[in-house]
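Reader: I am new to this structure and would be grateful for a close look at one part of it, set within its surroundings.

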Amino acid sequence: MSIECWQYGTGEGYPILYMHGATPMPFSDGLAQVIKENNLRVLEVLRPGYGKSGMLKYKSVGEYAKALNGLVAKLELARFDTLGVSAGAPYAYALAALYPEMVGRVHICGGIPLDCYKDIYGMNSAPERFMFSLSRVLPAG
């Protein structure tokens with residue numbers, strides 16, 4: 001499986017695996033400067049079917065996170081944070097769940113909430129709960 005990955009910041013900076021939302025976008029010049037000034041290494045991993053990342057038939061977000069193990073090894077990441085924006089949030093959660101010894105922090109921005117916990121799921125509106133229920137039965141991709 002091919003995975004396209006865009007890097008922002010320096011190779012020596014603290015690594016953050018950035019899981020994009022529905023639309024992957026390059027960072028603005030201003031945000032790239034903030035990344036550089038704070039010595040970060042932000043790696044935007046393009047999900048299956050985006051850019052040059054090949055289509056991958058997986059049954060869960062967790063299976064895709066497992067497939068990223070090769071990328072993590074290739075990049076020689078011993079420790080990293082995850083950043084999930086919008087629809088990328090479940091991927092950031094999955095990386096943290098699968099690799100707790102490697103993931104320092106999970107940062108979520110406008111992310112799809114964890115809906116596997118009844119207390120959290122119950123906080124969503126009826127239309128949101130309906131959409132989450134559809135996501136469980138619609139095929140991936």
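How many helices and strands are there in the protein? Among them, I should like to understand strand S2: how many of its six residues are buried?

Author: The model is predicted, and therefore local features need pLDDT of at least 70 and side-chain atom pairs count only at pLDDT 80 or more, whereas totals for chains, interfaces and linings use all residues. Residues are numbered from 1 along each chain as its sequence is written, and side-chain values use heavy atoms, with hydrogens and water left out.

The protein has six helices and five strands; these are DSSP runs, H or I of at least four residues for helices and E of at least two for strands, numbered from the N terminus. Along the sequence they follow the pattern β-β-α-β-α-α-β-α-β-α-α.

Strand S2 covers residues 14–19. Five of its six residues are buried, so S2 is largely enclosed by the rest of the structure. Buried means under 20% relative accessible area, exposed over 50% and partly exposed in between, with a 1.4 Å probe and protein chains only. Of the 141 residues of the protein, 34% count as buried.

S2 has two strand partners to consider, where pairing requires that DSSP finds at least two bridges between the strands. Six bridges join S2 to S3, and the two run parallel; here Tyr14 stands opposite Leu40 of S3. Strand S4 (residues 80–85) also runs parallel to S2, joined to S2 by four bridges, and Met19 has Gly84 of S4 as its bridge partner. Between S2 and S3 the chain passes through helix H1 (residues 29–37), and the three make a right-handed β-α-β unit. Right-handed means that, with the strands pointing away from the viewer, the path from the first strand over the helix to the second runs clockwise. The loop between H1 and S3 holds Asn39, whose phi is near 50°, a positive value in a residue other than glycine. Asn39 is partly exposed, with a relative accessible area of 41%.

In a regular strand the side chains alternate between the two faces of the sheet. Residues of S2 appear in two nonpolar cores, each a set of buried Ala, Val, Leu, Ile, Met, Phe, Trp, Tyr and Cys residues joined through side-chain atoms within 4.5 Å. The largest core has 19 residues, and Leu17 and Met19 are among those that touch the most other members. Strand S2, strand S3 (40–45), helix H2 (61–67), helix H3 (69–74) and helix H4 (89–98) each give two or more residues to this core, and H4 gives the most, with four. Apart from it lies another core, of six residues, including Ile16 and Tyr18.

Contacts, meaning heavy atoms within 4.5 Å, link S2 to Val45. Leaving aside neighbours within four places in sequence, Val45 is in contact with residues that include Leu17, Tyr18 and Met19. Helix H4 reaches S2 as well: the buried residues of H4 pack against S2, H2, S4 and strand S5 (103–109). Those buried residues are Ala89, Tyr91, Ala92, Ala94, Leu95 and Ala96.

Finally, Ile16 belongs to the lining of the second largest pocket, together with Phe27, Leu31, Val34, Ile35, Leu40, Val42 and Leu83. On a 1 Å grid over the protein atoms alone, where a 1.4 Å probe fits, a pocket is an open set of points with protein on both sides within 12 Å along at least five of seven lines, and lining residues have an atom within 4 Å of a point. H1 gives the most to this lining, with three residues.
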